[in-house]
Amino acid sequence: MVRKALVVLAVVALLVTGFYGIGPSATASPRIAVTINGHPLVTDVAPAIVNGRTLVPFRAIFEALGARVDWDEATHTVRGTRGQTTVRLTLGQRMAFVNGAPMPIDVAPQILNGRTMVPGRFVAETLEGKVEWIQATNTVAITTPTEPAVGGEIVFGLGGDPTTLNPILSTDAGSSTVIDMIHNGLVRTNERLEFMGDLAEDWIVSPDNLTLTFFMRRGVQWHDGRPFTAHDVKFTYDTIMHPDYTGVLRRDFRAVREITVPNAHTLVIRLSQVDASFITKLTVGIIPRHIFSGTPVAQLREHARSRSPIGTGPYFFRQWIPGQFVVLERNPNYFWAGNEPYIERIRYRIIHDTQAMLVALEAGQIDWMGSIPVDDIERVRTTHAARLQFRELRQHGYWYIGMKQDHPIFRDVRVRQAMKYSLDRPGMVQTLFRGYGTVINADQPPTSWAHNPNVYNYPHNRQKAIDLLVQAGWNRVGADGIRRNAQGQRLAFTLISASGDQTRVEMLAIIRNQWRAVGIDMTIELFEVSVYFGKLDAGEFEIYQWGWNLGLDPDNFIFFHSTSGFNAEGILMGFNDVGYNNPQVDRLIEQARATFDQETRRQLYWQISEILNRELPYIFLYNRNAVAAHHRRIQGIVWSHIGTLFPEKWFIGR
Amino acid sequence: MKPNVTPGGTPHVALMPKEETYGRMVWRRFRRHKLAVVSLFVLLLLYGMAIFAPIVAPYHYDHMDFTKSLHPPSFTSWFGTDRIGGDIFSRVVWGSRISLAVGLVAAGIALVIGTIIGALAGYFGGIIDDILMRFTEVVASFPTMFLLLTVIAVLPRSTMNIMIVIGATAWPGLARMVRGQFLSLREMDYVEAARAVGATDTSIVFTHILLNTMAPIIVNASLRIGGAILVESGLSFLGLGVISPPSWGTILNGGRPLLRSAPWISTIPGLFIFVTVLAFNYVGDGLRDALDPRATR
Amino acid sequence: MAGYIARRFVQLLVLLIGISIVSFSIMHIAPGSPIDLMTDRTTTAEDKARIEALYGFDKSIPEQYFRWAGQIIRGEFGNSFVTGEPVLDMIMARLPATLLLNFLTLIIIYVLSIPIGIISAVRQYSWFDHLVTFYAFLGQSMPEFWLALLLLFYVGLRFPFIQTTGMATWGVSIAEHGLWYFLVDRVRYLILPLAVISFTNLASITRYMRASMLEVISQDYVRTARAKGLPQIKVILKHALRNALLPIVTLIGFELPILFSGSVIIETIFSWPGVGLLSWNAVMQRDYQVIMAFNLLGASLMVLGAFVADMLYLVVDPRIKYN
């Protein structure tokens, strides 16, 4: 009896440990697969490799590529025609004819297993397809250009319910993803993140840079059919500036003195001070006045239309089933001429767990995942290459360690520099993110036009760190391996951060380890995130770790200007919680804000970056990249280096 | 002969044999449950490992080595390494200290609170019973996670606080059971007799009733230890577990993103949790049989 | 009897008020406010203070409590601070999913554990008993999320029939696709979460049933029946079963609230759109209105469940008297 139970136990143990063997198998099958736009090409005779070229049955490949094909028995010639292109291939001949012009081919068409086989790459490329060889899975992936056509559906994986679909109240990325499909701002950006008109067709700036006049696009309709006017824009901005407004965008409109609407198609914004970053704030979605005007501003969030929005964008809101789906449908009356939305329906499937979302992607339950977990990228990239396309996106922001500038330990710049020298940041990026990230040395990340590539990179140098610490007076090492100064004080402090993120725990473990190696003792305390924010806002910390995602404008007033720190009453006015105070930086920030010329501003931000890089109010760590994956049949996607744009241009290919 | 805990039976407290003989009898009965004995042995081994962790583990739980990131199990590192090159075997050995302690202490706390409240309610009845039982219902009705989160948010996140919180939310079931036992036992003839000869409430509770309730309480407690270890691992899943030194739950959860690319990181602590809780269940089962007078085997 | 019910009812009211005061206080003493997570540190401390004042979070806790209580007395649960949705709508949108999952789990558990428990008891210490004990303990000993993730990877990904996350396919309705298609669709989503919850919870009821049955078959009247030469199966089914089932039936009273409380872990991993995740998020976001509504509903159910269990005892066991 007992023995039986033990046997069962052993079997279970075997089963459980057996999972070890189920990882991604590296054994390559000799079978060649061909996929066309992500769909496997089904052939009765398997594709074969001859002299390094893949041969495929001619009828299958031509038809799959949408070509008409006939076989001339007399001359043993295959003729495929699609649109303006005709290809002629003859059995045993290493010369093909494209529209009558001879083209040499490496391998002649031949009969294998009773089928006439033709070189796949040659045929596909002649018919304007893109061919990719995926070594890991022995797959030839062919993508054909398709004319955009209306129809189809895509399913996005969304990590949680949006909190709201009102553009002026949303703060989370999940909500914004959906909102961007439904709403338009006054302006938008192109692929190079330059600003262009959206609901505004054009705008002019007065010579003193204080008056902006926007001219609205004509004939734009809300999803309920009512006309869009400049009054809607004024209503949106007025709501944001209202004292009862419960969103977070108020700060963006601080410089606004007055907004007027001289006529239904013109909007005039007068600023009280020059603010070069102001235009970037006008990407916020415009909400309809005729829907919300009767509602007290404080109750905007409660309004039913904040959850079933009316916008002007390429997609209508159709349905939101909490915890399950958000469904959008194509807006056939979209105003951008020549850019009608093509995809009939966009469905967001809400999947909370990242690993579960990856499973859904692999199982084909969703077509799009915004960020593949870093440890699975390589595996998914090789095993699903035929079906999925991948895109690496850079984080427009950075992770850092902030130190109270008047702290007895950190007020010495040599200590801050030593702390930075002792960290192997490239090693951290490699270990934590498998290389999907970049080491950062100043506040403007490489994705910004204000990025200064020439700042010092603080290479990992333990000896240099020790030298700096000794110079700063931490010249004795105790029995515990921790440095002490002349007063016998230990070089020890407590770092705070937020709980709930495994990567952060690992990152902090590495940092503690590397600091300990130079004689610095760091204790880590993690708090639940809202508790943590409270501590930062109250200045209750010695040193902390956090990250920023930045806006499109490089303006850094809120982070490093001295008036963004704690005021006389101890209230934090911006996010300068470390209390950085450098009159020269203050001046440069103010100048850069008051200048519209991008080249001049760039010079100013470069100077700021150099100072920050030297003085280190933050230890700049790195930023991490995301790898997005989507099904190959989704085409026409427009990417900037930080995300997708122009959803109205996307379409479903074959 | 041993005290009979079933209602309607005839306990003979005065005739109860010496402690040693009773203990020997229980052990004799317990030994017959082979899996329980094996489990007890496994538990002793695990506790030994926890006590001698600094000797057993080749490395400190905080040890890390960049250059050995994500090595699979091998002869040099038996259970492989994690992302930052920490030795999983060492971490699991150190983690046993936390997980086993969380189990014991949390179950101990639940045992003390549950027994006291159940005993008071069951013995005195009436308004005291009403108040205590409604209080029990309040605690039971509170979403455990809500309570856990709030307490963890207010108090610093320490191993002790997590143990206290788990213990302080796990007692209502026990209190109900003890109350039930007391309700039936206090009407027994021998208790009435003791009362008639002038025994105080305290002495009745301790010498007469509680002793007779011991068996189900012990069984219940042994099961709670395993339960508490599982609750802690659930907390780790929600990011609220014990971080340093790591518990098994923390290591398991830390390997979650790597479950497919480096399965050893979470599979091994998972197996440890599983085997430990299983062992506690079997020991509890064995104890139930051993302490139950009707078991006829 | 009527007096007892009346007394219990008054107690229930006092209890609910007590619970609401306690949970309200804990919630508000806990650091952080809905604003913190709503803004994810994109708002300055100054702006945060302004928004908090708009929502009245700067008032004293008793003042906030009375405002909330007044609102409840008027029958309004209010709107979520985070999403702006009416709280009752939020809960009602999620409750069916949790009810469905937990109801099916209960059925599976009872349907499996009663016969298994009986056989285990009747054939005590047989190989079947040992096997069942082992499997019962097996489920009980695994961290739920570990089992869930393993199933997700090694079962969910292997069988296309199984849908790994969510509750239903969008657009599938009885009207459009017919009942059969609809049911099959539901089953595809139910398999994984149902398997995990049933497996990890099967043990306690099985063990309970086994113990109860063991107790009954050692009773005199069963022995007598057996001594009379009645066939074993008849003794078990006719005499023992009914009595052994009684404690299990009263257990259902206590299971009632469990029906309504979702599991955060299961709902996270399988994205099951139930109340567990909703309430967990509400706690994380300090969405006071939602949490308070939950606590109130949960506590009412719990107290009601206990009350029902007591009543069942009263009906089932005439020896218990209340005065």
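This text describes how the two assigned domains of chain C meet in a predicted model.

The domain assignment divides chain C into domain 1, residues 2-73, and domain 2, residues 91-316. Between the C-alpha centres of domain 1 and domain 2 of chain C the distance is 33 Å. The two domains touch: 22 residues of domain 1 of chain C are in contact with 17 residues of domain 2 of chain C.

Together, domain 1 and domain 2 of chain C bury an area of about 1,800 Å² between them. Carbon and sulfur atoms give 74% of that area. On the domain 1 side, C:Arg8, C:Met27 and C:Trp68 supply 30% of the area that this domain buries against domain 2 of chain C, and no other three residues supply more.

Specific polar links come next. The rule finds zero salt bridges across the interface of domain 1 and domain 2 of chain C. For polar contacts, it finds one residue pair across this interface, with both residues at pLDDT 80 or more.

The side of domain 1 of chain C that touches domain 2 can also be read by element. Helix 1 (2-29), helix 2 (34-39) and helix 4 (61-73) of chain C are the elements that give two or more residues to this side. Helix 1 of chain C gives the most, with twelve residues. By class, this side of domain 1 of chain C has 15 nonpolar residues, six polar residues and one charged residue.

Definitions and conventions:
Residues are numbered from 1 along each chain as its sequence is written. Chains are lettered from A and ligands numbered from 1 in the order in which they are written. This is a predicted model: local features need pLDDT of at least 70, side-chain atom pairs count only at pLDDT 80 or more; totals for chains, interfaces and linings use all residues. Side-chain values use heavy atoms; hydrogens and water are left out. Domain bounds come from an automatic or database domain assignment. Contact means heavy atoms within 4.5 Å. Buried area is the accessible area (1.4 Å probe) that two parts lose on being put together, summed over both. A salt bridge is a side-chain nitrogen of Lys or Arg within 4 Å of a carboxyl oxygen of Asp or Glu. A polar contact is a pair of N or O atoms within 3.5 Å; within protein, one must be able to donate a hydrogen and the other to accept it, and residues adjacent in sequence count only if both atoms are side-chain atoms. Helices (H or I, at least four residues) and strands (E, at least two) are DSSP runs, numbered from the N terminus. Ala, Val, Leu, Ile, Met, Phe, Trp, Tyr, Cys and Pro count as nonpolar, Asp, Glu, Lys and Arg as charged, and the others, Gly among them, as polar.
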